[in-house]
Amino acid sequence: MKINDYVYLVASGKMGFDWTHPSDCNVYLLNGGDEIALIDTGTGESVDDILNHIEEYGLSIKKMSYILLTHIHADHAGGASRLRSITGAKVAVVEQAREVLASGNEEAIDLTRARAAGFYPQDYRFIPCEAEIGLREGDRIKIGSLSVHVILTPGHSQYDISFIVESPDGIIHLFSGDTIFFDGKISMLNTYDFNIQQLAVSVEKLNRERVDLLLPGHLQPALSNGSWHINKAHNIFKNLGIPPNIV
């Protein structure tokens, strides 16, 4: 699904467009012309679909330079190892998550509990992945003509980050992972590292950004007025409330 000249949707599960494996997050492709990159990878069950969709858009996987992970829950990072191996792209994740990603520690990403709760098939296993790049607050990455700015946004988990991507014509895209969603919703999970206070601070941080397109890890994107959706959640938090949950 082409969103604009710079962004394509290449995978999406039941909590999105029901296009690829049911447990997949929204997986986005950045097209910077000379280079392309993925934001998140889905579970790993749809790697072939992702690669086929990229080729169907007339883009070459040989141009893939980065795989950028918003966090390391299995629905977002499960395909990182195989996609890295196939494309040769460098995996980038928040610095604190590199060891957990490399070890494939399923307890540390609450996969054991999520599998028991039915979010993943009983035979699903997370494939460990080395990350070449550890990201920190304020880091910037160039992907061809696109500029990517890293913002730490913990709360949904301790490892969440968001990516602000500015196109050459000044369009601001926010890839928010599971931090903020369409209509100001959030993702609250009964997991050991979910923290509602941290999430409120992260939403406040994002609320200071100008956002044209909000491109979340699940549900539908907002193709205009992205800041409005962030501001809705921020105002609820500011008034001591909790925004509606997506699950």
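Here a colleague asks a modeller how the descriptions of this predicted model are justified.

Colleague: Let's begin with the whole chain. What makes the protein chain as compact as a globular protein of that length?

Modeller: The secondary structure of the chain comes to 7 helices and 11 strands. Its radius of gyration is 16 Å, and the globule rule gives 18 Å for 247 residues; the two values are close, so the chain counts as being as compact as a globular protein of that length. Along the principal axes, the C-alpha trace spans about 50 × 45 × 30 Å.

Colleague: How much of the chain is buried?

Modeller: Buried residues make up 56% of the 247 residues, where buried means under 20% relative accessible area. As for contacts between residues at least 6 apart in sequence, 63% join residues at least 24 apart.

Colleague: Now the cysteines. How do you know that C25 is in no disulfide?

Modeller: A search of the whole structure finds 0 disulfides. For C25, the nearest cysteine sulfur is that of C129, 14 Å away. A disulfide needs the two sulfur atoms within 2.5 Å, so C25 does not qualify. Seen from the other end, C129 has the sulfur of C25 as its nearest, again 14 Å away, and is in no disulfide either.

Colleague: Why are C25 and C129 called buried?

Modeller: C25 has a relative accessible area of 0%, and C129 has 1%. Buried means under 20%, so both cysteines earn the word.

Colleague: Let's turn to H156. Where does H156 lie, and why is it called buried?

Modeller: H156 lies in the loop between β8 (146-152) and β9 (161-166). The relative accessible area of H156 is 1%, and the limit for buried is under 20%, so H156 is buried.

Colleague: What makes the pair H156 and D178 a polar contact?

Modeller: The side chains of H156 and D178 are joined at 3.2 Å, and a polar contact asks for N or O atoms within 3.5 Å. The side chain of H156 also reaches the backbone oxygen of S187, at 3.1 Å. Leaving aside residues up to four places away in sequence, H156 touches several others, among them H71, H73 and F194.

Colleague: On to helix α6. How do you know that its buried residues line one face?

Modeller: In α6 (residues 196-207), L199, S202, V203 and L206 are buried. Seen down the helix axis, the buried residues fall within an arc of 100 degrees, so they line one face. An α-helix has 3.6 residues a turn, so residues three or four places apart point the same way. On the other side of α6, Q197 and V201 are exposed. The buried residues pack against β8, β9, β10 (172-177) and α7 (226-238).

Colleague: How does the span of α6 compare with the expected one?

Modeller: Helix α6 has 12 residues and reaches 16 Å from its first C-alpha to its last, close to the 16 Å expected at 1.5 Å a residue.

Colleague: What caps the N-terminal end of α6?

Modeller: That is N195, which has a side-chain oxygen 3.0 Å from the backbone nitrogen of Q197.

Colleague: And helix α3: which of its residues are buried, and what covers them?

Modeller: The buried residues of α3 (residues 80-87) are A80, S81, L83 and T87. Their cover includes β3 (36-39), α1 (47-56) and β4 (64-68). Just after α3, G88 takes a positive phi of about 80 degrees.

Colleague: What makes the phi of D183 worth a remark?

Modeller: Most residues other than glycine have a negative phi. D183 is not a glycine, yet its phi is positive, at about 65 degrees. N225 is also a residue other than glycine with a positive phi, near 55 degrees.

Colleague: Why is D183 called partly exposed and N225 exposed?

Modeller: Buried means under 20% and exposed over 50%, with partly exposed in between. D183, in the loop between β10 and α6, has 26% relative accessibility, so it is partly exposed. N225, in the loop between β11 (213-216) and α7, has 56%, so it is exposed.

Colleague: Last one: why is F17 called partly exposed?

Modeller: F17, in the loop between β1 (7-11) and β2 (27-31), has a relative accessible area of 36%, which falls between the two limits, so F17 is partly exposed. Among the residues F17 touches are M1, L9 and P221.

How values were computed. Residues numbered from 1 in each chain as written. Predicted model: local features only at pLDDT ≥ 70, side-chain atom pairs only at ≥ 80, totals over all residues. Heavy atoms only, no water. Buried < 20%, exposed > 50% of the residue type's maximum accessible area, 1.4 Å probe, protein only. Helix = DSSP H or I, 4+ residues; strand = E, 2+ residues; numbered from the N terminus. Polar contact = N/O pair within 3.5 Å; in protein donor to acceptor, adjacent residues only side chain to side chain. Contact = heavy atoms within 4.5 Å. Expected span 1.5 Å × (residues − 1). Arc of directions from axis to C-beta. Rg over C-alpha atoms; globule rule 2.2 N^0.38 Å.
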